[in-house]
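The following report addresses a single protein chain and is intended for a reader with the coordinates at hand. It treats backbone, burial, aromatic contacts and empty space in turn.

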Amino acid sequence: MNAIRGGRSLFLVMLVLFLITGCSTNKDVSTKETGKKTASKDGGTLVIARLSDAENLDQQFMSTINAASVTHRKVYEGLVGRDKNAEIQPLLAEKWEQLNDTTWEFKLRKGVKFHDGTDFNANAVKATFDRLLDPKVASPRAVVFKMVKEVKVIDDYTVQFILSEPFSPLLSILASHEGGIISPKTIEKYGKNIIKEPNGTGPFVFESWTPGQEIVLTKNKNYWGEKAKVDKVVFKVVPEETTRISMLETGEAQIAEPLSVPMMDTVAASQAVDVYRSEGYGTEYIGFNVQKKPFNDERVRKAIAHAVEMDSILKGVYNNVGKKANSLLGSKVFGYNPDMKAYEYNLNEAKKLLAEAGYPNGFEATLKTMDSKERVNMAEVLQSQLKGIGVKLKIQVLEYGTFVDQANKGDTEMFILSWRNATGDADYNQYNLFHTNSQGGAGNTFFYSNKEADRLIEAARSEKDQEKRKELYAQSQQLEMKEAVYIPVRVIENLAAVSKDVKGFAISPSGYLELNDVSIK
């Protein structure tokens, strides 16, 4: 083991030296002398070196933005989408109208074909949502559209969504990856089984997936809209971050993500690579499985919250990248409550609460996290801090897919997770993370259940008055904080390392990789 660790250390030193060497002015001088500019052009292969693979390629079964980034707005498209300003825009639907509280009508775009040549029409929309909502399919994402009673075909290019109850944020959900429209032939082929060959209307066509290694997409030359600029995209799984960054330096890849905070300065010093940063909708948090002892006791959860010194975590682990969170809603999300207060650091109060709960000498517990540098570093800081109240944490670091699977099944006590809000609306956060119906794979990995929280969340999603919706969300967030279901850490910043040869790359506030406008010099 020591030999392996030593090898990695040597590799990191060599990489840093390589990057620093790249900081000489030779490149600038050469450019000035020739007076030539290298223009971006269409074509080429875009290679994205990623920490982890998608858990699957079926948008009705995905539980992570990491997986959805591969297919959303690339292979699959929805009726509506968000533009660069996060505003809802027409996509496969040209226009829509809310006819009454529970009926929304969409006029569909004509002349669009799926990748297999099948015509896009109203029947395809109905087939997609019928599959999503079919109890026999048992999609974990069905809960997102549970208010849809029926998708009704009016004519070939008109559909109506008939809801069982008013649902204000419908468009925001339709714009997320769960709203992607699937070819009827693919639905017929796979039925209730997970789709292994995604087939949509988007600017990229699925070519292949070698699990644990790479996913390949190719340009859709028959795309109905503005065609992609690159010919091919390869999502390559590269767990070691130093390797991902070196691939950019050697030209083996053009984008590496995610980028860890400790590696930011190294990348910023490179003449060949830029650091990409943008604020996301999502947040990072420490969660409790509230059904597992001793975390089924609110006093224990509050004690832990009072024993965490968050400022030192933000500075020491994250170098103050991503601002301190006061809830699980990012500040850009509709329904964010700026007046929320997280628990203050107070060891005396923490010890008092533990004693009241019957643990005057503390207890032992397991904290699970995925295998990313920041998460592991945070876990170690938490382990150190909680010793102050007698809580002995055992840290279990898991591969990302395994970690998500265990969290979804409730095989946790404490955990470190993030939630990247896919829609920009508080409903996506509140319903998925805290409603009783969402326990497990839908997002509520706290396994939290509170009738008053459910009532507030349900009232907010049916309320048309946007200011009243904000007030309801403020109340639900206050209740969740009062019961210390989680400890907020920080608002996520999207970070990636991007070759300076790449133009047009972005990461949406939801965390989706935006590749349709990417070109390579």
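## Helix 7 and its surroundings

Immediately after helix 7, G251 adopts a positive phi of about 85°. The helix that precedes this glycine spans residues 241-250, and eight of its 10 residues are buried, so helix 7 is largely enclosed by the rest of the structure. The buried residues are E241, T242, R244, I245, S246, M247, L248 and E249. Buried here denotes a relative accessible area under 20%.

## Confidence of the model

The coordinates are those of a predicted model. The average pLDDT of the protein chain is 91, and 92% of the residues score at least 70. Residues 1-38 stay under a pLDDT of 50, and for this segment the model has 25 contacts beyond four places in sequence.

## Aromatic pairs

How many aromatic pairs does the count come to? The count is 17 aromatic pairs. One of them joins Y359 and F363 in an edge-to-face arrangement, with 5.3 Å from centre to centre and 65° between the planes. F363 is buried at a relative accessible area of 10%, whereas Y359 is partly exposed at 25%.

Another edge-to-face pair is formed by F434 and Y448, with the ring centres 6.2 Å apart and the planes at 90°. This pair links distant parts of the chain: F434 belongs to helix 14 (residues 426-434), while Y448 lies in the loop between helix 14 and helix 15 (451-462), 14 residues apart. F434 counts as buried, because its relative accessibility is 0% and the limit for burial is 20%. Y448 is likewise buried, with a relative accessible area of 2%.

The two pairs are set out below.

| Pair | Geometry | Centre to centre | Angle between planes |
|---|---|---|---|
| Y359 and F363 | edge-to-face | 5.3 Å | 65° |
| F434 and Y448 | edge-to-face | 6.2 Å | 90° |

F434 and Y448 also belong to a cluster linked by ring pairs, together with Y285, F415, F446 and Y486. A charged side chain meets an aromatic face elsewhere: R461 lies over the face of Y431, at 3.8 Å from the ring centre.

## Cavity and pocket

Rolling a probe the size of a water molecule over the atoms shows where empty space is left. The structure holds one cavity of 30 Å³ or more. The largest cavity has a volume of about 30 Å³. Which residues line the largest cavity? Its lining consists of R50, S52, D53, A54, V70, I215, F235 and V237.

Among the open sites, the second largest pocket has a volume of about 710 Å³. It is lined by 28 residues, of which R73, R82, D83, E514 and N516 are the closest to its centre. Strand 2 (80-82) and strand 18 (506-507) are the elements that give two or more residues to the lining of this pocket.

## A contrast between sequence and space

K503 is located in strand 17 (residues 502-503). Is K503 buried, partly exposed or exposed? K503 is partly exposed, because its relative accessible area of 42% falls between the limits of 20% and 50%. K503 and K229 are separated by 274 residues in sequence, yet their C-alpha atoms are 10 Å apart in space.

Conventions:
Residues numbered from 1 in each chain as written. Predicted model: local features only at pLDDT ≥ 70, side-chain atom pairs only at ≥ 80, totals over all residues. Heavy atoms only, no water. pLDDT = per-residue confidence, 0-100. Contact = heavy atoms within 4.5 Å. Phe/Tyr/Trp six-rings, centres within 6.5 Å; stacked < 30°, edge-to-face > 60°. Buried < 20%, exposed > 50% of the residue type's maximum accessible area, 1.4 Å probe, protein only. Helix = DSSP H or I, 4+ residues; strand = E, 2+ residues; numbered from the N terminus. Lys NZ or Arg CZ within 6 Å of the ring centre and 35° of its normal. 1 Å grid on protein atoms, 1.4 Å probe; cavity = no way out; pocket = protein on both sides within 12 Å on 5 of 7 lines; lining within 4 Å. Points joined across faces, edges and corners; volume = space filled by probe spheres on them.
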